[in-house]
Amino acid sequence: MDKGKLNFLIDALMFLCMAGIAGIGFLMKYVLLPRSAARALYGRRVELSWLGWDRHDWGEVHLYLAFLLLGLLVLHIILHWDMIVGLFKRFFANAAYRPIIMVSFVCLCVVLFLFAFFIQPDIEERGPGKGRGQGRVESREQAPKHLAALTHFDKTSLPGCLYSTGQGQNKSSLA
């Protein structure tokens, strides 16, 4: 396959990934509401799903599409590297500033990509029956430092693992 066809294929797949990420994001935001919003809308406690998957299952698909998009973006950059270098040199004509700008850009990208692994969430305990943003906060603490990076990467985020739905039954995360 020639370079032009490969570029077209990668760009088309990137666009499909972005459309899927946006569509699933809209699905989770406006259709598969969080429990508190669903309760406010329907007047009772309901579990919302589409095609048998709840918002957390669709969130995993959302994440995997994002990983696929990142991989395709890396391929896109590799295929266009000569053009990127040429445009960078034309845009920043003064060669003395180029290393500073390049290092700053790379550092900013690394920080934005990895910051979630270095933050510690605030933990708030609320009174009984109180939802997010309601009730008074009983105590406030921070998660232990050694657990901060594991907060969102427990067994529920691994494909094919079983997790508790909070109702005493187990459900496969990809079934």
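A disulfide is counted when two cysteine sulfur atoms lie within 2.5 Å of each other. In general terms, a disulfide is a covalent bond between the sulfur atoms of two cysteines. The model looked at here is a predicted one, and by this rule its disulfide count comes to 0. Take C109: its sulfur sits 9.4 Å from the closest cysteine sulfur, which belongs to C107, and that is too far for a bond. Starting from C107 gives the matching picture, since the closest cysteine sulfur to its own is that of C109, at 9.4 Å. As for surroundings, C107 is partly exposed, with a relative accessibility of 44%. C109 also counts as partly exposed, and its relative accessible area is 36%.

Now for the nonpolar parts of the model. The largest nonpolar core has 11 residues in all, including I24, L27, M28, W53 and W58. Also on its list are L32, L33, A38, V46, L48 and V61. Two helices, helix 1 (3–31) and helix 3 (55–79), each supply at least two residues of this core. Helix 1 gives the most, with 3 residues. W58 is a handy place to see the packing: leaving aside residues up to four places away in sequence, W58 touches I24, L27, M28, L32, W50, L51 and W53. Apart from this core lies another one, made of 6 residues, among them I10, C17, I21 and L69.

Helix 5 brings up a charged residue with a bit of a puzzle. R98 is found in this helix, which covers residues 98–114. R98 is buried, yet it has no salt bridge. Why not? A salt bridge needs a side-chain nitrogen of Lys or Arg within 4 Å of a carboxyl oxygen of Asp or Glu, and the nearest side chain of opposite charge to R98, that of D82, is 14 Å away. What R98 does have is a polar atom of its side chain 3.3 Å from the backbone oxygen of K89. K89 also turns up among the residues that R98 touches, along with F88, F92 and A93, again not counting residues up to four places away in sequence.

M102 has its place in helix 5 too. M102 is partly exposed, with a relative accessible area of 46%, whereas R98 is buried. F88, one of the residues touched by R98, also serves as a reference point for M102: the C-alpha atoms of M102 and F88 are separated by 9.3 Å, with the two residues 14 apart along the chain.

Terms used:
Residues are numbered from 1 along each chain as its sequence is written. This is a predicted model: local features need pLDDT of at least 70, side-chain atom pairs count only at pLDDT 80 or more; totals for chains, interfaces and linings use all residues. Side-chain values use heavy atoms; hydrogens and water are left out. Helices (H or I, at least four residues) and strands (E, at least two) are DSSP runs, numbered from the N terminus. Buried means under 20% relative accessible area, exposed over 50%, partly exposed in between (1.4 Å probe, protein chains only). Lys and Arg count as positive and Asp and Glu as negative; His and the chain ends are not counted. A polar contact is a pair of N or O atoms within 3.5 Å; within protein, one must be able to donate a hydrogen and the other to accept it, and residues adjacent in sequence count only if both atoms are side-chain atoms. Contact means heavy atoms within 4.5 Å. A nonpolar core is a set of buried Ala, Val, Leu, Ile, Met, Phe, Trp, Tyr and Cys residues joined through side-chain atoms within 4.5 Å.
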